[in-house]
Amino acid sequence: MDNFLDRILERRLIITHFQPIVSVKKHTTVGFEALSRGVPPDGSDGVICPLDLFNAARRGHKTVALDCLCRDKALEAFRPYHARRKDLLLFLNLEGNAMDPDDGRGSLIAAARQTAIEPYHIVIEIVESKVERTEELHRFVSLYRRAGFLIALDDVGTGHSNFDRIATLRPDIIKVDRSIISGLDREYSKQHVLRALTGLAHRLGALVIAEGIETEEEAIAAVECETDLLQGYLLSRPNEDIEAALVSAIEPMRSVGSRYRDFVMAEINARMGTHRVYDLVMSEMIAALSDCDGREFDLKLVEFIQDYPVLECVYVLDMDGIQVSDTICNPDRIGGNRRIIFRPDERGADQSLKDYFYFIKAGKTQYTTDRYISMASGNWCRTVSSVFRVRGSQFHILCADFSSEESKG
């Protein structure tokens, strides 16, 4: 490979394959990532993968030269298609070790002008974890952003990604690595990580691309986690023929869109059914509590735990958010070593900063939280809080933790 590299650089033996990046919700391709391949200079069949090329370039201190060649060839290959389609973006990977603008990189601006591709149609992909000097990274991003290029952080969520840099660099696009996307539909923890990343990105005004999508289930889960764009073998393998790559993504994109609509409708129906259960159980418990006085709360709560298997814990607050009952828990759902960390609160505990209290205090008569980890049990749950009145006198708040373990995935 080391012997091949000089001949590849001298004879410009690089070809570019293109992989579509699509929006399922908009039913459209928004751009293509340019992926470089080496052509064996000895005339043998096949191509040389970029990893081998850049490993050899690093050994020979020729990373900048190879990176510039890959960039130039990608621009040349994209130029005729860009002339016909001005609505598509070109995503260019730039080697982090060759990111110094004074070391040949500034010519990217001239190369874009030479190919008549406006900078705002080009997305520069940076693997920020490979850049050791933060000042250099910021200087590079500032230079190309002023020139009109879009900036993407690649492989976010893998290796030693520095999430502080996401906030300080404020990229236009974040690409989430395949390590998070793989098995996304089956692993609830990955869904939480992806939701956190998309939430951060959207608050910073950035779009999110889920990379490495290989199954429709992963695609649906990624869209459900609020990612904006998808990329991967499911939609299209990289292709030297950009038109063929575009066409190949159409049917998978439609299929995912159709299945996503079905998924959303099923989720809506399931949630409606779940909330009907919540409303029914809460109304029956409130009817029983309203007909007793405060001294009987604990006894009634024990009966509720026995009568309603969907409950994990129940407790009663006064209108100041102070617990006036013990937390009565389902013994089958708590226990073990996790009791060291997760334990139910006792009578007198202050719950006034919990969202299920202050939404009630703000005027709601009933409130249902998002899914969260219960500090009483360590399990996933939703808390439903509802105001009730005891025998026509004092108002109280019934809080019921409903098990949400079936949604962990």
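F18 and F32 are both buried in this predicted model, and they make a good place to start. Their ring centres lie 6.4 Å apart and their planes meet at 85°, so the pair is edge-to-face. F18 belongs to strand β1 (residues 14–23) and F32 to strand β2 (residues 28–38), so this pair ties together parts that are 14 residues apart in sequence. The two rings also have company: ring pairs join F18, F32, F78 and Y81 into a cluster.

Across the whole structure, a search finds 13 aromatic pairs. For another arrangement, look at F359 and Y367. Here the ring centres are 4.3 Å apart and the planes differ by 5°, so this pair is stacked. How buried or exposed are its two partners? F359 has a relative accessibility of 30%, so it counts as partly exposed. Y367, with a relative accessible area of 15%, is buried, because buried means under 20%.

Now let us return to F32 and see what else it takes part in. The largest nonpolar core has 59 residues, and F32, I124 and L230 are the ones that touch the most other members. Helix α10 (residues 216–224) gives the most to this core, contributing 5 residues. Take L230 as an example: leaving aside neighbours within four places in sequence, its contacts include P20, I21, V22 and V24, as well as A219, A222 and V223. There is also a second, separate core, made of 22 residues, with Y278, M285, F388 and V390 among them.

F388, from that second core, sits in strand β13 (residues 380–389). Its relative accessibility is 3%, so it counts as buried. Which residues does F388 touch, apart from those up to four places away in sequence? They are I286, L289, S290, F297, V316, Q394, F395, H396, I397 and L398. To get a feeling for distance, find T63 as well: it is 325 residues from F388 along the chain, and the C-alpha atoms of the two are separated by 70 Å.

Two of the residues touched by F388, I286 and L289, lead us to helix α12 (residues 250–289). With 40 residues at 1.5 Å each, α12 should span 58 Å, and its end C-alpha atoms are indeed 58 Å apart, which agrees. I286 and L289 are among the buried residues of α12, and so are Y278 and M285, which we met in the second core.

Helix α6 (residues 134–146) lets you try the same check. Its 13 residues should span 18 Å at 1.5 Å a residue, and the distance between its end C-alpha atoms, 18 Å, agrees. In α6, the buried residues are E136, L137, F140, V141 and Y144. Viewed down the axis of α6, these buried residues fall within an arc of 130°, so they line one face of the helix. Why can residues spread along a helix point the same way? An α-helix has 3.6 residues a turn, so residues three or four places apart point the same way. On the other side of α6, E135 and R146 are exposed. Just after the helix comes G148, with a positive phi of about 110°.

Finally, how confident is the prediction? The protein chain averages a pLDDT of 89, and 91% of the residues score at least 70. Confidence is highest in strand β8 (residues 229–230), at a mean of 98, and lowest in helix α4 (residues 101–105), at 49.

Note on methods. Residues numbered from 1 in each chain as written. Predicted model: local features only at pLDDT ≥ 70, side-chain atom pairs only at ≥ 80, totals over all residues. Heavy atoms only, no water. pLDDT = per-residue confidence, 0-100. Helix = DSSP H or I, 4+ residues; strand = E, 2+ residues; numbered from the N terminus. Expected span 1.5 Å × (residues − 1). Buried < 20%, exposed > 50% of the residue type's maximum accessible area, 1.4 Å probe, protein only. Arc of directions from axis to C-beta. Contact = heavy atoms within 4.5 Å. Core = buried A, V, L, I, M, F, W, Y, C linked by side-chain atoms within 4.5 Å. Phe/Tyr/Trp six-rings, centres within 6.5 Å; stacked < 30°, edge-to-face > 60°.
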